[in-house]
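Me: Could you take a close look at the sheet in this one for me? I'd like to know how the strands are laid out and what lies across them.

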Amino acid sequence: METKEGYFVSILNGSKHCLALGTFGTKSEAEARVDDVWSYCAATFEDSVFYAFGTCKVTSVNLPPGKLNEILL
């Protein structure tokens, strides 16, 4: 099977991680949406002040949709 690569806005909460938004074709596209995810989380989850926000690259046969895609895309 052929693997695919994509970029996501990611959230870290201690040892938990989340592929929050994506898949994007480039790192810069994902980086451009980090503030959108941060703003949504800040308004929605009180404890999000402790989360780390950034981007990550995923290589997989099946790239999953981001958890917040239906809300922010």
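**The sheet, strand by strand**

Reply: Let's start with one pair: Ser10 has Gly54 in S3 as its bridge partner. Before going on, note that this is a predicted model, where local features need pLDDT of at least 70, side-chain atom pairs count only at pLDDT 80 or more, and totals for chains, interfaces and linings use all residues. Residues are numbered from 1 along each chain as its sequence is written, and side-chain values use heavy atoms, with hydrogens and water left out.

Strand S1 (residues 4-13) pairs with S3 in the antiparallel sense over nine bridges. (Strands are DSSP runs of E, at least two residues, and helices are runs of H or I, at least four, numbered from the N terminus; two strands pair if DSSP finds at least two bridges between them.) Leu12 has a bridge partner in S3 too, namely Ala52, and Leu12 also stands opposite His17 in S2.

That brings us to S2, which runs antiparallel to S1 and is joined to it by six bridges. The hairpin of S1 and S2 has two residues between the strands, and Gly14 there takes a positive phi near 65°.

Put together, you get an open sheet of three strands in the order S2-S1-S3, paired antiparallel. S2 (16-24) and S3 (52-60) are the edge strands, each pairing on one side only. Neighbouring strands are turned by 35° against each other on average, direction ignored.

As for what lies across S1, S2 and S3, that's helix H2 (residues 34-44), running at about 120° to S3. Axes here are lines fitted to C-alpha atoms, for helices over the stretch in contact, and angles run from 0 to 180 degrees between N-to-C directions; contact means heavy atoms within 4.5 Å.
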